[in-house]
Amino acid sequence: MDMQIYFPNLGIFLENVGKSFQVFGFEIAFYGCTMALGIISGYLMAAHEAKRTGQNPEDYLDLVMYGVVFGIIGARLYYVAFRWEYYKEDLLRIFQLRQGGLAIYGGIIAAFITIYVFAKKKKLSCLQILDTVSFGLLTGQIIGRWGNFFNREAFGDYTDGLLAMQLPVSAVRAGEITDKMKAHITTINGIDFIQVHPTFLYEGLWNLGVLLFLLWYRDRKKFQGELVLWYLTLYGVGRFWIEALRTDQLLIPGIGFPISQLLGAVLAVSGLIAIVIGHKRAKNK
């Protein structure tokens with residue numbers, strides 16, 4: 001496979017970006033490494049916030065063990081459900097996580113359910129946990145998105161913008177190459193490249209902005225649960241416009257509209273409404 005990944009308008013030319021590496025004969029995927037690093041970093045961020053707010057960080061170590069397992073299951077089931085036409089022909093493909101195929105919304109939904117059950121069982125404040133976990137989720141998402149970089153996936157259509165990314169045609173799935181990309185194929189040293197929106201990078205940068213906002217706002221929140229509402233609202237806004245650029249969208253059967261774009265809009269609107277209501281209630285207390 002051709003290993004090059006270029007960002008021509010930034011003057012960045014990476015000649016040997018592999019998908020995996022070997023340790024003692026075992027092949028380890030960079031996708032899995034970035035996921036693991038994201039999980040660990042997310043836990044450390046949440047534990048730090050828990051300690052800062054007088055909570056027991058040990059609770060978050062217990063929570064992360066459950067959350068990771070059910071989050072990955074949820075992310076995979078969500079992805080498979082909206083790509084069933086592909087997986088039904090060979091059910092063993094469902095277990096091939098090394099090739100990617102995790103939908104973040106499925107992971108978030110599963111993680112939130114896990115948090116609710118965990119809080120009830122431990123008799124802790126679910127809203128406080130959700131506020132705390134928001135920092136960890138964003139940190140994990142920022143790092144984890146780089147798995148898409150190594151897998152050459154989660155990109156958008158052709159662009160010649162500042163962050164435009166070039167990938168060898170042979171390194172991406174043929175079904176994700178649009179007519180617009182084909183019309184702008186560039187040949188470099190005998191290798192054909194498509195030039196695309198690096199939407200994984202857009203989302204990572206957007207999430208970094210959301211994380212910085214939450215770090216600034218956390219001591220200004222008016223009620224428990226406000227931080228997670230801001231997370232859902234701002235993430236929804238970003239996902240709505242970024243998802244519109246992608247060529248590998250998960251579509252609603254029979255409608256053909258991107259499910260993640262719809263969820264982004266619903267979360268942004270409902271989250272903002274909930275924040276306004278929460279502020280009014282806090283003011284009237």
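A nonpolar core is a set of buried Ala, Val, Leu, Ile, Met, Phe, Trp, Tyr and Cys residues joined through side-chain atoms within 4.5 Å. The model on display is a predicted one, and the tour begins with its largest core.

Select Tyr 60, Leu 63, Ile 129, Val 133, Leu 214 and Tyr 231: of the 37 residues in the largest nonpolar core, these touch the most other members. Next, colour α1 (30-52), α2 (57-81), α4, α5, α8 (199-217), α9 (226-243) and α10 (259-284), the elements that each give two or more residues to this core.

Now centre the view on Ile 129. Leaving aside residues up to four places away in sequence, Ile 129 touches Tyr 60, Leu 63, Ile 115, Phe 118, Ala 119 and Leu 124. A separate core of 16 residues lies apart from the largest one; Phe 149, Phe 155, Val 172 and Met 181 are among its members.

Proceed to residues 20-23 and 26-29, which are strands β3 and β4; they pair in the antiparallel sense over four bridges. Within this pair, Gln 22 stands opposite Glu 27 of β4. The two strands form a hairpin with two residues between them, and Phe 24 in the turn has a positive phi of about 50 degrees.

Most residues other than glycine have a negative phi. Two further exceptions merit selection. Lys 123, in the loop between α4 (104-122) and α5 (126-144), has a phi near 60 degrees. Arg 152, in the loop between α6 (146-151) and β5 (165-168), has a phi near 55 degrees. Which of the two labels, buried or exposed, applies to Arg 152? Arg 152 counts as buried because its relative accessibility is 2%, whereas Lys 123, at 76%, counts as exposed.

Terms used:
Residues numbered from 1 in each chain as written. Predicted model: local features only at pLDDT ≥ 70, side-chain atom pairs only at ≥ 80, totals over all residues. Heavy atoms only, no water. Pairing = 2+ DSSP bridges. Buried < 20%, exposed > 50% of the residue type's maximum accessible area, 1.4 Å probe, protein only. Contact = heavy atoms within 4.5 Å.
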